[in-house]
Each structure stands twice: as C-alpha cells, then as structure tokens.
Amino acid sequence: MVLSNYISDLLYRYECVIVPEFGAFLTQKHTATLNVASNVFLAPRKTISFNEQLKHNDGLLANHICTIAAIEYVDAIQQIAEAVAVLKGKLITGETVLLENIGHVSLSNEGKLQFSPVETTNYLTSSFGLSSTYKKPVLREELKEKVVVLEESAPIAFTPETRKKRSYLKYAAIAVVALGIFGIGGQQLYTQQMEVVAEHNEQETIAIEKAAYQKATFFDIAPIKVPEVTFQVTVEKEVIGKYHIIAGAFRYEENADKKINELKAQGFFPRKIGKNSYGLHQVAYASVADRNEALQTLRNIKKAHNTKAWLLVKDIN
C-alpha cells in the first residue's frame with residue numbers, strides 16, 4: 001500500500017491528517033506573496049508541516065482507505081500499521097524517505113523526526129490552475145540615465161529668423177554706386193537719389209501706421225446693439241385617449257419594441273403605454289378617446305386579427 005497517496009488525497013480537504021503511531025501532517029493557508037529574492041509571485045496556497053506528537057488514531061485515514069480500497073476498517077488499520085513499520089525501518093537505517101507530493105522525512109542525530117515539505121503541489125483547491133509568476137523588474141533609473149545621455153548628445157540646430165528685406169535699401173545702394181562712379185560731380189545726383197529714398201520711406205511709414213490704425217479701429221469698435229425679438233411658441237401636448245386596445249404585455253422591453261414593429265408592418269399605429277402592476281411592458285393597437293369607437297375597434301381586431309385583444313381604460317397623459 002502506498003500510504004502517501006491516501007495522505008495526499010486527504011490534505012486537499014482537511015487541515016490535519018494523522019498517521020497512527022507516526023505523526024500528523026498539518027496544512028496552513030497562505031495568501032499570495034512575493035519572493036523578493038527571486039522576484040516570483042506565489043499563488044495562494046497551503047503549506048504542509050509535521051507534528052510528531054499527534055499519533056492517536058482519529059479514524060480519518062483508516063476510513064478513507066476503507067472507502068477507496070473497499071476493505072474492512074480492521075484491515076485498513078492493519079495496513080497502516082505495516083506501512084508505518086516499513087517507514088520507521090528505513091528511517092532507523094539513516095535513509096531519507098520521500099513521501100510523494102508531501103515531503104521528505106528523516107531522523108536527526110537525536111532520533112527525532114525531521115520533515116521537509118515539497119512545494120510542487122498546492123493543496124489549496126481554490127487556487128487550482130494558478131501557478132507562480134516571475135516578476136520582471138522595471139529598471140526606471142537605468143532608462144532615465146539613458147535618456148539623459150541621449151539628450152546631452154543630441155545636436156540642436158537653430159534656424160535664424162529671416163527678416164523682411166526693406167525695399168528702400170536698394171535705392172540707397174544705387175545712390176552709393178552712383179556717387180562712386182561720378183565722384184564729386186555726382187553730388188547732385190546723390191542728393192536727388194536721397195530725396196527719393198526719404199520720400200519712399202515716408203510713404204511706407206504712413207502705410208504701416210494706417211494699416212495698424214485700421215486694425216486697431218476694427219477690433220476696438222463698439223458692438224452693434226441688436227433689438228430683442230420675442231417669439232411666441234405654442235407647444236401642443238399630444239392628448240392620448242384613455243381607451244387602449246391591448247395587443248400584449250411583455251417582460252422585456254425589446255420584445256415590446258418587436259411587437260410594435262410587427263403591428264406597424266400590418267398597418268396599425270401601435271404604442272407602448274407603460275408598465276402594468278406586474279412590471280410588464282404593455283403594447284396597444286391604438287388609444288382612442290371615444291368609448292364607442294374603442295369598443296368597435298376592439299370588436300374588429302378580435303374578429304380579424306387577435307381574439308385575445310382586450311380593452312384597458314386608463315389615463316396616461
């Protein structure tokens with residue numbers, strides 16, 4: 001008999017499994033944790049420990065073996081005793097015994113049982129399918145240093161602002177050239193050219209000031225007062241008759257909308273008239289203000305279209 005298989009089965013459901021004349025395996029729940037050293041997230045789990053002092057038979061293990069192996073209780077107790085005897089014999093010889101999916105058992109130099117659990121099996125059923133996850137650290141400082149290096153080494157190009165060329169400079173240039181060509185004799189020509197330049201500068205200055213004035217005047221002008229006009233608008237509220245020929249009542253509004261589309265396709269003018277006392281959406285073939293007209297319409301609908309149609313009298317305005 002492989003005793004560890006039965007113990008492992010019970011550890012999923014119980015917090016304490018006693019092996020008579022040997023000891024008890026205990027489980028304890030733990031929430032999800034992070035192993036800082038390995039950067040691994042551990043899922044919620046049960047950890048296993050061992051208590052050598054709990055040796056009294058509580059019947060849990062024996063009854064489980066009876067159920068699984070279909071044997072008598074006395075036979076189960078006998079098989080447990082034989083398995084424990086074999087286990088103790090191995091431990092006395094100094095052997096470390098592996099209880100599969102549970103842990104390693106050995107004897108210390110003082111003759112006490114030592115237990116080391118295995119972590120490959122998670123006995124917490126609510127964490128079934130969850131596994132440990134490695135957390136890759138985000139090296140923010142390292143990335144920041146790289147960005148700083150790139151910013152320091154990146155070339156920065158400046159584009160000089162292009163100034164508008166002043167057209168009157170060409171006239172001054174012409175004057176200078178003329179003066180150089182004719183020498184002192186060109187003084188008169190130079191004076192004439194400078195007069196032309198001065199006149200041009202004055203005209204350009206006037207044009208600039210005029211444009212600025214027009215712009216300022218345009219934006220600073222006082223707003224035009226518009227006389228208030230009042231319109232009398234009369235909204236006529238739709239009056240719905242209190243006699244409603246009911247086509248059906250629906251729990252879901254989308255079904256009521258579907259019914260309305262069907263009735264429209266058949267030539268009716270249906271409408272939703274709200275929920276009834278049971279919370280159902282009511283759909284009417286029509287809503288009529290006159291009682292006699294409503295009764296006649298109901299008779300026509302029951303005769304030619306729907307024998308289950310009925311009349312509801314209710315004000316819904």
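What is the volume of the second largest pocket? Hi everyone, let's start there. In this predicted model, the second largest pocket comes out at about 240 Å³. Its lining has 16 residues, and the closest to the pocket centre are Leu3, Ser4, Leu87, Val97 and Leu99.

So what kind of residues do we find around it, by class? The lining has 13 nonpolar residues, together with one polar and two charged ones.

Next, where does the lining come from? Helix H1 (3-11), helix H3 (73-92) and strand S6 (97-99) each give at least two residues to it. The largest share belongs to H3, with four residues.

Let's follow S6 into its sheet. Strands of a sheet pair through backbone hydrogen bonds, and they can do that parallel or antiparallel. Here we have an open sheet of three strands, running in the order S6-S7-S8, with antiparallel pairing. S6 and strand S8 (113-117) are at the edges with a single partner strand each, so each has one side without a neighbour in the sheet. On average, neighbouring strands in this sheet are turned by 25 degrees against each other, direction ignored.

Looking at one pair in detail, S6 and strand S7 (residues 103-107) are joined in the antiparallel sense by three bridges. Val97, which we met as one of the residues closest to the pocket centre, has Val105 in S7 as its bridge partner.

And what does H3 do with the sheet? H3 packs on the sheet and touches S6, S7 and S8. The direction of H3 makes about 60 degrees with that of S7. That brings us back to the pocket, where H3 and S6 both contribute to the lining. Thanks, everyone!

Conventions: Residues numbered from 1 in each chain as written. Predicted model: local features only at pLDDT ≥ 70, side-chain atom pairs only at ≥ 80, totals over all residues. Heavy atoms only, no water. 1 Å grid on protein atoms, 1.4 Å probe; cavity = no way out; pocket = protein on both sides within 12 Å on 5 of 7 lines; lining within 4 Å. Points joined across faces, edges and corners; volume = space filled by probe spheres on them. Nonpolar A, V, L, I, M, F, W, Y, C, P; charged D, E, K, R; others polar. Pairing = 2+ DSSP bridges. Axes fitted to C-alpha atoms, helices over the stretch in contact; angles between N-to-C directions. Contact = heavy atoms within 4.5 Å.
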